[in-house]
Amino acid sequence: MSEFVKNLMAQVKAKNPSEPEFHQAVYEVASSLSLVLEKHPEYRKEKILERIIEPERVIMFRVPWVDDQGEVQVNRGFRIEMNSAIGPYKGGLRFHPSVNLGILKFLAFEQVFKNSLTTLPMGGGKGGSDFDPKGKSDGEVMRFCQSFMNELFRHIGPNTDVPAGDIGVGGREIGYLFGQYKKLRNEFTGVLTGKGLNWGGSLIRPEATGYGAVYFAAEMLATRNQTLEGKRCLVSGSGNVAQYTIEKILHLGGKPLTISDSNGYIYDEEGIDQEKLKFIMELKNVRRGRVKEYADKYKTATYVPLDSNLDYNPLWDHKADCAFPSATQNEINGKDAANLLKNGVYVVSEGANMPSTIEAIDQFLDAKILYGPGKAANAGGVATSGLEMSQNSLRLSWSREEVDQRLHNIMKSIHKTCVETAEKYGTPGNYVNGANIGGFIKVANAMLDQGIV
Ligand code: NDP
């Protein structure tokens with residue numbers, strides 16, 4: 001670790017105690033940026049990195065609501081407005097009981113670089129609540145979303161801050177949030193993305209993150225003159241990102257073998273085909289059930305319940321070529337990374353945000369596999385949110401083919417930026433450095449231009 005990174009991390013830890021995920025995200029980026037800061041003393045002098053790690057604004061608020069039994073419930077809401085140097089704050093809302101300030105700060109920090117990589121004019125933000133939508137009725141989710149928006153509406157707007165979905169926030173939640181915003185503001189604007197198709201949403205937005213992660217994997221494979229055809233693929237999660245990752249793997253001829261949720265995972269040696277994927281989508285998006293039911297229906301599959309005594313995740317311990325972590329942060333630890341490598345995996349394309357620990361990343365880089373970090377590989381979601389904003393501003397809707405083509409081109413361009421930047425800074429093939437440096441430079445230059453604000 002360089003002296004600069006060591007000193008920076010000491011400051012970050014002292015100033016932001018009890019936020020290990022935020023420390024981890026800053027450490028990963030700062031380690032890459034040492035290479036740039038040596039070449040650009042102006043960034044050091046203007047304290048660009050020190051400014052980027054401090055959110056421009058943090059909003060934290062009470063979210064009271066009444067459950068179906070008439071009991072008052074109180075949750076905590078957040079919005080982290082991290083950086084607006086290149087555009088309005090943009091990033092998802094996460095509703096999950098694990099949500100806290102540190103997790104949202106890591107996500108907002110990552111978002112700044114990711115949004116910059118997309119080439120679209122979007123700053124970085126993230127928000128959410130410790131509310132758990134699992135097991136709640138539609139009425140409870142609606143009342144929660146309305147209460148959440150009763151405070152959030154003051155802070156967002158189509159030119160200020162444009163939230164979207166993330167874990168626990170899909171089409172249903174965006175609908176309730178948008179309805180309440182419209183009522184409070186009395187205006188119909190593109191203030192949220194991931195909207196329904198007949199009220200301002202974009203085709204391909206639901207598919208975009210998963211499709212993008214697979215397009216990114218295909219680009220990485222192309223550098224070795226290979227394709228996804230016939231590749232065995234491990235996928236974690238069973239939500240939005242996992243579902244469309246599986247769909248695109250199928251389009252490109254690969255064989256998805258696994259899905260998971262927080263209770264356990266499914267391994268299907270026969271592969272998950274279109275029909276089985278349809279079952280998963282109905283199970284997770286309509287019936288809101290658990291993946292265990294997949295093994296009840298398809299006898300080719302085995303269900304392995306989560307064993308919290310294990311210090312590794314057996315989902316990553318199957319013979320395969322590619323891995324698409326699509327559930328949550330730190331779901332691949334050092335032991336999992338060793339298992340992946342041992343089983344022949346040589347492509348990791350991260351649909352989730354920061355799913356690999358620092359120990360895991362170090363092993364992927366040492367082994368020189370094709371490792372696409374989340375801020376590059378999963379940027380297709382926010383990129384298509386950016387396309388939804390453009391369509392809203394133009395009051396136009398593009399066709400499915402047009403949005404998909406733009407998404408595909410953006411993923412190719414992000415891949416190219418990563419490859420070229422990594423090479424320029426003397427670490428060819430290192431997509432971590434490519435993504436961190438590529439994302440940083442545009443934001444840093446905008447901050448230099450805009451003065452000390
Ligand atoms: P969903 O809520 O649709 O699905 C999340 C999936 O991950 C569920 O299967 C969930 O299981 C599982 N999961 C969540 N938390 C945990 C946990 N702590 N342990 C084990 N499993 C867990 O979310 P998304 O698919 O939208 O998001 C998945 C990941 O992708 C996140 O890291 C998110 O930040 C990232 N991402 C999402 C984007 C988007 O456009 N949606 C864009 C870019 C990144 P269960 O049902 O049991 O909760």
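This passage describes aromatic contacts, a strand pair, enclosed and open spaces, and backbone angles in a predicted model.

A pair of aromatic rings is described by the distance of the centres and the angle of the planes. In the present model, the count of aromatic pairs comes to 20. One of these joins Y211 and Y244, and because their ring centres are 6.2 Å apart and their planes stand at 75°, the pair is edge-to-face, the cut-off for that class being an angle over 60 degrees. Y211 belongs to helix α8, which spans residues 205-222, whereas Y244 belongs to helix α9, which spans residues 240-251, so the contact ties together parts that are 33 residues apart in sequence. Both partners are buried, Y211 with a relative accessibility of 2% and Y244 with a relative accessible area of 14%, since values under 20% count as buried.

Ring pairs also link F61, W65, F95, F131, F144 and F148 into a cluster. F131, a member of this cluster, has in addition a charged neighbour, for K136 lies over the face of its ring at 5.3 Å from the ring centre. A similar arrangement involves F22, whose face is covered by K105 at 4.6 Å from the ring centre.

Among the strands, β8 (residues 258-261) is covered on both faces: T258 and S260, on one side, are buried, and so are I259 and D261 on the other. Strand β8 runs antiparallel to strand β9 (residues 264-268), and the two are joined by 4 bridges. Within this pairing, T258 of β8 stands opposite Y267 of β9, and the connection between the two strands is a hairpin of 2 residues.

With regard to enclosed space, the structure holds 1 cavity of 30 Å³ or more, and the largest cavity contains about 60 Å³ of space. Its lining is formed by E28, E110, E350, M354, P355, S356, I361, Y371, P373, G374 and K375. When these lining residues are sorted by class, 5 are nonpolar, 2 are polar and 4 are charged.

Among the open spaces, the second largest pocket holds about 420 Å³. This pocket is lined by 20 residues, of which G190, M389, Q391, N392 and S393 are the closest to its centre. The lining of the second largest pocket divides into 11 polar, 7 nonpolar and 2 charged residues.

Most residues other than glycine have a negative phi. Against that background, I204 has a positive phi, near 75°, and is placed in the loop between α7 (171-185) and α8. A positive phi, near 55°, is likewise found at R395, which is placed in the loop between α15 (380-394) and α16 (400-424). The surroundings of these two loop residues contrast: I204 counts as buried, because its relative accessibility is 2%, whereas R395 is exposed, with a relative accessible area of 71%, a value over the 50% that marks an exposed residue.

Note on methods: Residues are numbered from 1 along each chain as its sequence is written. This is a predicted model: local features need pLDDT of at least 70, side-chain atom pairs count only at pLDDT 80 or more; totals for chains, interfaces and linings use all residues. Side-chain values use heavy atoms; hydrogens and water are left out. Rings of Phe, Tyr and Trp (its six-membered ring) pair if their centres lie within 6.5 Å; planes under 30 degrees apart count as stacked, over 60 as edge-to-face and the rest as tilted. Buried means under 20% relative accessible area, exposed over 50%, partly exposed in between (1.4 Å probe, protein chains only). A charge sits over a ring if NZ of Lys or CZ of Arg is within 6 Å of the ring centre and within 35 degrees of the ring normal. On a 1 Å grid over the protein atoms alone, a cavity is a set of points where a 1.4 Å probe fits but cannot get out, and a pocket is an open set with protein on both sides within 12 Å along at least five of seven lines; lining residues have an atom within 4 Å of a point. Grid points are joined across faces, edges and corners, and a volume is the space filled by probe spheres set on the points. Ala, Val, Leu, Ile, Met, Phe, Trp, Tyr, Cys and Pro count as nonpolar, Asp, Glu, Lys and Arg as charged, and the others, Gly among them, as polar. Two strands pair if DSSP finds at least two bridges between them.
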